[in-house]
Amino acid sequence: RSTSAPVTNNPVPASAPVGETVGYQEGDFSIEESIRRQEIRNRREALAISKNTFDRLIDQQFYTAYPALERSGPGGGRKALSNAPEDEPLRIRWDHIALETLEKLENNFSQRSLDGLGNYSGSDRARWQSQIDAAKASLRSLDDLTDSKFISLFGPVADNNFLEKPMGQLYYAIADDKARAIASGGASENIQIGIDNITRQDLNGRLSAGEGRVYTLQLTAGQILRLNLNAPADSTLFSLYRPDSQLNDRENNTTIFADSEQVTWSGNINQTGYYEIVVVNRSAQPIDFQLAVSVDSIVEPPVAPGETDTAED
């Protein structure tokens, strides 16, 4: 999760890409390879992504997929791909990763978020928090939506320092899009419940693979909250967060449950403020879900006649 990964305050530094072929000449490649490389170039330029930034993204994925190449170059370092015929199979693999990445970028990122590639840093989180404040949401919910989308596109990340690497820029770009979606109401909704005698709301939604939704509701200490999520089996992760304005996050007091497979919960509310409910689709297919939210007030049991006098005596 992003909250456990170190935050870097500096953009990813520029360096020469390793996977890109060395000494490129048009006549060095077959017609098929030349056409494929031209397609990659055209699609990258249409997204306004610099060659250096894009090549670094593909290099990281390429060498992660083929870790033996990390140690098969000169001096036991990375093997750079040449334009020699014997490297053609490796160049084909690099190109296929590039084409797959381009499709993901074209279909899942806004141009505005792509424009920031190479310049994102941990300091952007303050900007995103200010964006989602109006929706009464927090960075905890933003992280949930960002994690889910990133994993659905690129798989889980085991490297705790991945935000400092080229692929961390794609994580930040997703967060940039999700912050705007939460702020605009495209990925968030405020539930008006527990006031004006409204005690229950039944919410319906549809989530594409990796997508999520944030629900916020204002609760008062002394109420009882009940949640019931109806969705296809093993398709969702469910989170519930307390208000964070008065609690210390380091004590983990703001999380009631997070990234849970459970679908029902009920409990007493002991703090007044805005609570956040997050539902994300962790499956590879779109899902329909229903979320029932109910709020009741705690009612003290009636006192039996004479019981008060006896207690006072």
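Two strands are said to pair if DSSP finds at least two bridges between them. In this predicted model, that idea describes the arrangement of one sheet and of the helix that lies across it.

**The sheet**

Five strands form an open sheet of mixed pairing, in the order S1-S3-S8-S5-S6. Strands S1 and S6 stand at the edges with a single partner strand each, so one side of each is left without a neighbour in the sheet. From one strand to the next, the twist averages 15°. Strands of a sheet pair through backbone hydrogen bonds, either parallel or antiparallel. Strands S3 and S8 pair in the antiparallel sense, over eight bridges. Within this pair, Arg213 stands opposite Val279 in S8.

| Strand | Residues |
|---|---|
| S1 | 188-191 |
| S3 | 212-219 |
| S8 | 273-281 |
| S5 | 236-241 |
| S6 | 255-260 |

**The helix across the sheet**

Helix H6, residues 139-154, lies across S3, S5, S6 and S8, and runs at about 5° to S8. At 1.5 Å a residue, its 16 residues should span 22 Å; the end C-alpha atoms are 21 Å apart, which agrees. H6 is mostly covered, with 14 of its 16 residues buried. After H6 comes Gly155, whose phi is positive, near 85°.

**A residue of strand S5**

Thr236 is found in strand S5. Is this residue buried or exposed? Buried means under 20% relative accessible area, and Thr236, at 5% relative accessibility, therefore counts as buried. Not counting residues up to four places away in sequence, Thr236 touches several residues, among them Leu229, Ala231, Ser260, Val279 and Ile287.

Technical notes:
Residues are numbered from 1 along each chain as its sequence is written. This is a predicted model: local features need pLDDT of at least 70, side-chain atom pairs count only at pLDDT 80 or more; totals for chains, interfaces and linings use all residues. Side-chain values use heavy atoms; hydrogens and water are left out. Helices (H or I, at least four residues) and strands (E, at least two) are DSSP runs, numbered from the N terminus. Axes are lines fitted to C-alpha atoms, for helices over the stretch in contact, and angles run from 0 to 180 degrees between N-to-C directions. Contact means heavy atoms within 4.5 Å. The expected span of a helix is 1.5 Å times one less than its number of residues. Buried means under 20% relative accessible area, exposed over 50%, partly exposed in between (1.4 Å probe, protein chains only).
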